[in-house]
Structures are given as C-alpha cells and as structure tokens.
Amino acid sequence: MGKWLIKVEYKKIITDDGSHTLFSSKYNQTYHSIKDGAIKESLYKHIYPALNHHKDKQHLRILDICFGLGYNTFLTILENLKSDNPKRIEIFSPELDIDLIRSLETFEYPKEFESIKDIIVQIARNLYYEDEYHKIEVSTMDAREYIKTLENIDVVYQDAFSSDVNKELWTVEYFSNINKATNEDSVITTYTISTNVRLSMSENKFLIYQIENSETKKSTLAFKKTQNKYKFIDMELKKLRNQTAKPIY
Ligand SMILES: C[S@@+](CC[C@H](N)C(=O)[O-])C[C@H]1O[C@@H](n2cnc3c(N)ncnc32)[C@H](O)[C@@H]1O
C-alpha cells in the first residue's frame, strides 16, 4: 500500500500579549498559549526561572525541546544580551519540521527580535549560529534520539506539544534519557501541570515544584536537588490521593 504524505498546515494567530504564534493542523494545537501570550509564556515559564536558577553560572548548556518558532532560544539570547556580563550559552534544539525552520526567516516576530534578525536568518538557512556568547545548533533528528547524544545539560526547556498529541516526549523512557543528559544542578522548565507528566518525571527521581506569577498560568519546574524557593509537589502523596493518575509509558 502506498504511503500518503499529509501536508501540515499552519494558521497564524495573534496571542493576548500581541506576539504571533501558529496553529498546527498536524497536532491540532497552537505553538503557545493564546491567553498567556508567546513572549510571556516563554519568559515567565522557561527563561526567567532557568536564568534565575543559574544566575551565578557563566557557561550554560541548554536543551530546547523543541525549536518550533524558536521563541525560547531567541528570547534567551535577547535576555542574555541585556545583562552587563553576558554568559556563554550553548543551545541544542531538535526539530522534526525542517520546512518550518526554513520559513522562520519571514515569520512575523515581535519588534524586539529585529536586533537579532541576522541570527534568525542564519538559523533558518544553516540550522547553526555562533558568536562570542552564543552557539545554537538545531538538529532535524527526532528529539528522542537527539537527547541521547548530549551530556552535562544545565537547562531543559520542555516545550513539546501536550502529552495527548505529542506523547513520545513526555514518557518515563524519555525522561530517563533526559536524566542521563542533564547534570546534578539542572532544571527542567515546562508549561504543563499535568499529574501524569509530573509522574513521568518523578519516576526518574526528578523533584517537582510549582511556580506562579501574575502574568501567566501556573507551571512546573523539576530538579535533581531539593529547592527552597518554590512550592514542592509531593508526588508520593499525589499517587496515594489520586489512584487513577499514572506516569506515561
Ligand atoms: C509546541 S512546539 C515548540 C514551540 C517552541 N518552543 C517555540 O517557542 O516556538 C513543539 C515542536 O516540537 C516539534 N516536535 C514534535 N515532536 C518532535 C520530535 N519527536 N522530535 C523533534 N521535534 C518534534 C514540532 O514539530 C513542533 O515544532
């Protein structure tokens, strides 16, 4: 039987903070929360907590799961460049959709991205960029395979589509490989507060914390070491109280 190739269609959407995102027909989902906004979601759920956790570290290795429109990567660069003492940041990011990456050269990004337009163009054309402070590598490998090639990662921006449509990037097996790729002081940032996803992480000895701010919905941070700044979520207690909640396999 022949194999049918179904073309992914995208619809441009303006989110509530004024920044653009896309709706994907393949995943039947938007790339960002419309209500939180693409910029705010990226900053408040991923970049601020990650950079704050590592404020004293001058060299960071970040795994951006997955590149998509690149908001997490591009806003990390912009935030780093605002600092008096920018860090050396390496970003590793898998993305299966090469056509999407190629199209980013003409994507309508927020106006603050104009200062890094040359970086956006180079990534869209070469899947690679490097300067004094930043090294960005976008890989077209499946994220599940790509993460096995990495080590000593400080930050994971866990920003796949949700677990009902992008299940392979939220499983116990996947987080086992994330555990191997990350160092002892690493942080995983993610928008989801799903108990099943948190169980997939905690099955791999990640400690689960919840963060809240006035700009976006609640989200999750996961660490290997105990933290005292965030609200701890006791997953053993969750399991006892909610017997139907299960890690994802
Ligand atoms: C929610 S979007 C990422 C949004 C992105 N962080 C941003 O700021 O625009 C999820 C992305 O994961 C990609 N993806 C899904 N499954 C993948 C896999 N197994 N390996 C690599 N990329 C994958 C999709 O093509 C999509 O671009």
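Which residue in β7 is the bridge partner of glutamate 130? In this predicted model, the bridge partner of glutamate 130 in β7 is lysine 135. The report below starts from the whole protein, moves through its sheets and helices, and ends with the backbone geometry and the ligand.

**Overall form**

The protein has 8 helices and 12 strands. Its radius of gyration is 18 Å, close to the 18 Å that the globule rule gives for 249 residues, so the protein is as compact as a globular protein of that length. The C-alpha trace spans about 60 × 50 × 35 Å along the principal axes. Of the 249 residues, 39% count as buried. Among contacts with a separation of 6 or more, 66% come from residues 24 or more positions apart.

**The sheet of 9 strands**

One open sheet holds 9 strands in the order β6-β7-β5-β4-β8-β9-β11-β10-β12, and its pairing is mixed. β6 and β12 stand at the edges with a single partner strand each, so one side of each is left without a neighbour in the sheet. From one strand to the next, the twist averages 20°.

At the β6 edge, β6 and strand β7 (residues 134–139) run antiparallel and are joined by 3 bridges. The pair formed by glutamate 130 and lysine 135 in β7 belongs here. Two helices that pack on this sheet can be described next. Helix α1 (residues 38–53) touches β8, β9, β10 and β11, and the direction of α1 makes about 155° with that of β9. Helix α4 touches β6 and β7, and its direction makes about 140° with that of β6.

Further along the order is β11 (219–223). In β11, 4 of the 5 residues are buried, so this strand is largely enclosed by the rest of the structure. β9 and β11 run antiparallel, with 4 bridges between them, and isoleucine 188 stands opposite alanine 222 in β11. β10 also runs antiparallel to β11, joined by 5 bridges; here isoleucine 211 has serine 219 in β11 as its bridge partner.

**The sheet of 3 strands**

A separate description applies to β1, β2 and β3. These 3 strands form an open sheet in the order β1-β2-β3, with antiparallel pairing. β1 (10–14) and β3 (29–30) are the edge strands, each with a single partner strand, so one side of each is left without a neighbour in the sheet. β1 pairs with strand β2 (residues 20–24) in the antiparallel sense over 5 bridges, and lysine 11 stands opposite phenylalanine 23 in β2.

The pairings described for the two sheets are listed together here.

| Strands | Bridges | Sense | Residues opposite each other |
|---|---|---|---|
| β1 and β2 | 5 | antiparallel | lysine 11 and phenylalanine 23 |
| β6 and β7 | 3 | antiparallel | glutamate 130 and lysine 135 |
| β9 and β11 | 4 | antiparallel | isoleucine 188 and alanine 222 |
| β10 and β11 | 5 | antiparallel | isoleucine 211 and serine 219 |

**Helix α7**

Helix α7 (residues 195–202) has 7 of its 8 residues buried, so it is largely enclosed by the rest of the structure. The buried residues in α7 are Thr195, Val197, Arg198, Leu199, Ser200, Met201 and Ser202. Their cover includes α6 (172–181), β9 (182–190), β10 (207–211), β11 (219–223), β12 (231–233) and α8 (235–241).

**Backbone geometry in the loops**

Two residues that are not glycine have a positive phi. Leucine 127 has a phi of about 60° and sits in the loop between α4 (117–126) and β6 (128–130). Leucine 127 has 18 other C-beta atoms within 10 Å, so it is partly exposed. Asparagine 152, with a phi of about 55°, lies in the loop between α5 and β8 (153–158). Asparagine 152 has 10 C-beta neighbours inside 10 Å, so it counts as exposed, the limit for that class being 12 or fewer.

The peptide bond from isoleucine 65 to cysteine 66 is cis, with omega near -10°. Cysteine 66 lies in the loop between β4 (59–65) and α2.

**Surroundings of the ligand**

Cysteine 66 appears again at the ligand. There, 22 residues surround the ligand, and the closest are Cys66, Gly68, Leu69, Tyr71 and Ala143. The elements giving two or more residues to this shell are α2 (71–82) and α5 (143–146). By class, the shell has 11 nonpolar, 5 polar and 6 charged residues.

Methods
Residues numbered from 1 in each chain as written. Predicted model: local features only at pLDDT ≥ 70, side-chain atom pairs only at ≥ 80, totals over all residues. Near = placed C-beta within 6 Å. Nonpolar A, V, L, I, M, F, W, Y, C, P; charged D, E, K, R; others polar. Pairing = 2+ DSSP bridges. Buried ≥ 20, exposed ≤ 12 C-beta atoms within 10 Å, placed from the backbone. Contact = placed C-beta atoms within 7 Å. Rg over C-alpha atoms; globule rule 2.2 N^0.38 Å. Axes fitted to C-alpha atoms, helices over the stretch in contact; angles between N-to-C directions.
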